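Thanks for coming. I will take a few minutes to walk through one structure, so please have a look at it first.

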Amino acid sequence: MWGLFGGGSKAKADDPKAAIVSLQSNLTFLEKRQAHLTKQAEEQEAEAKKNMHNKRAAMAALRRKKQYENEVDKLEDHKRTVEQQLFMIQNANIQHETVQAMKQGAAAMKAINKGMNIEKVDKTMDEIRDQMDVSNEISEALSSTRLGYPQEDEDELTAELERMQQEELEKKLLDGGRVPANELPGQPVPAARLQTGMQKSATKTAEEEAEEEEFAKLQAEFAM
C-alpha cells in the first residue's frame with residue numbers, strides 16, 4: 001500500500017546509503033556521457049580536417065565539435081556538483097553512525113550504572129572492610145595458639161623452664177663448679193648465694209692444693 005502512494009519510495013530516498021548509491025550511479029553516468037561526447041568532438045575535428053578544401057563542410061563540423069565540447073564542460077560542472085554532494089552525504093552519514101554508536105554506548109553505561117549509587121558503593125566497601133577485619137582477627141587468633149596449646153600454657157611452661165635453669169645454676173655455684181655463659185638463665189642469682197658458692201669453691205681449691213703437697217711428700221719419701 002505504501003508503494004502505491006509513494007511512501008516506500010520516499011523512505012528509500014531518505015536513506016543515506018540509498019542516496020549515496022544513487023549519486024555514485026549518476027556520477028558514473030555523467031563520466032560515460034562525457035567520454036562519449038569527447039569522442040564525438042574528436043571525430044568532428046577529424047571531419048573538419050578532412051574537408052579543409054570544403055569550407056562549408058569544415059565549418060559545420062567545427063560547429064558540431066564546439067557544441068560537443070560545450071556539453072562536455074557542462075557535464076564537468078555537473079560532476080563537480082554531484083561529487084561535492086556525495087562527499088557531504090558520506091560525511092554526514094559517518095557523523096550519524098558515530099552519534100548512533102555513542103548513543104548506544106551511553107545507553108549501555110546508563111543500564112550498567114542503573115543499579116549502582118554512591119550509597120551502595122560505600123556500603124559494599126564497608127562490608128569488605130568488616131570482612132577483612134574479621135579475617136585479620138581470625139589470623140591473629142590462629143597465630144597466638146601453638147601446637148594446640150593456649151598462650152597461657154606457653155607462658156606457664158616458659159616460667160617453669162626458667163625456674164629449673166635458675167635452680168641448676170644455683171646448684172652448680174653452691175658446689176663450686178664453673179657455669180658456662182650460655183647456661184645462664186635470664187634472671188640473676190641472689191648475691192648472698194653467689195658469695196657462699198664462691199667461698200666454698202675457694203676453700204675446696206686450697207684443700208686440693210694441700211692434698212697435692214702431701215702426696216708429693218709421700219712420693220719423695222718412697223723414692224729415698
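Which element of the protein chain has the lowest mean pLDDT, and which the highest? The lowest belongs to helix 1, residues 7-14, with a mean of 50. The highest belongs to helix 2, residues 16-50, with a mean of 91. I start there since this is a predicted model. For the protein chain, the mean pLDDT is 77, and 69% of the residues reach 70 or more. Over residues 1-11, pLDDT stays under 50. For that stretch, the model has three contacts beyond four places in sequence.

Now the overall layout. The protein chain has six helices and zero strands. Along the sequence, that reads α-α-α-α-α-α. There are 224 residues in the protein chain, and 12% of them are buried. The exposed area of the chain is about 18700 Å², with carbon and sulfur atoms supplying 57% of it. As for contacts with a separation of 6 or more, 55% are between residues 24 or more positions apart.

Next, the inside. Which residues form the largest nonpolar core? There are nine: Ile 20, Leu 23, Leu 27, Leu 30, Leu 37, Val 72, Leu 75, Val 82 and Leu 86. Helix 2 and helix 3, residues 55-113, each supply at least two residues of this core. Helix 2 gives the most, with five residues.

If you want one residue to look at here, take Val 82, a member of this core. Apart from neighbours within four places in sequence, Val 82 is in contact with Leu 23, Asn 26, Leu 27 and Leu 30. Of these partners, Leu 23, Leu 27 and Leu 30 are listed in the core as well.

Then the surface. A nonpolar patch is formed there by Ile 112, Met 116, Ile 118, Val 121, Met 125, Ile 128 and Met 132. Together these residues have about 670 Å² of accessible area. Which helix contributes the largest share of the patch? That is helix 4, residues 118-143, with five residues.

Ile 128 is one of the patch residues, and Ile 128 lies in helix 4. Why does Ile 128 count as partly exposed? Its relative accessible area is 40%, and partly exposed covers the range between the 20% limit for buried and the 50% limit for exposed. A patch residue needs over 30% relative accessible area, so Ile 128, at 40%, meets that cut-off.

That is the tour; I will take questions now.

Definitions and conventions:
Residues numbered from 1 in each chain as written. Predicted model: local features only at pLDDT ≥ 70, side-chain atom pairs only at ≥ 80, totals over all residues. Heavy atoms only, no water. pLDDT = per-residue confidence, 0-100. Helix = DSSP H or I, 4+ residues; strand = E, 2+ residues; numbered from the N terminus. Contact = heavy atoms within 4.5 Å. Patch = residues over 30% accessible without salt bridge, like charges linked within 9 Å, V, L, I, M, F, W, Y side chains within 5 Å. Areas by Shrake-Rupley, 256 points an atom, 1.4 Å probe, with all protein chains shown as cover. Salt bridge = Lys/Arg side-chain N within 4 Å of Asp/Glu carboxyl O. Buried < 20%, exposed > 50% of the residue type's maximum accessible area, 1.4 Å probe, protein only. Core = buried A, V, L, I, M, F, W, Y, C linked by side-chain atoms within 4.5 Å.
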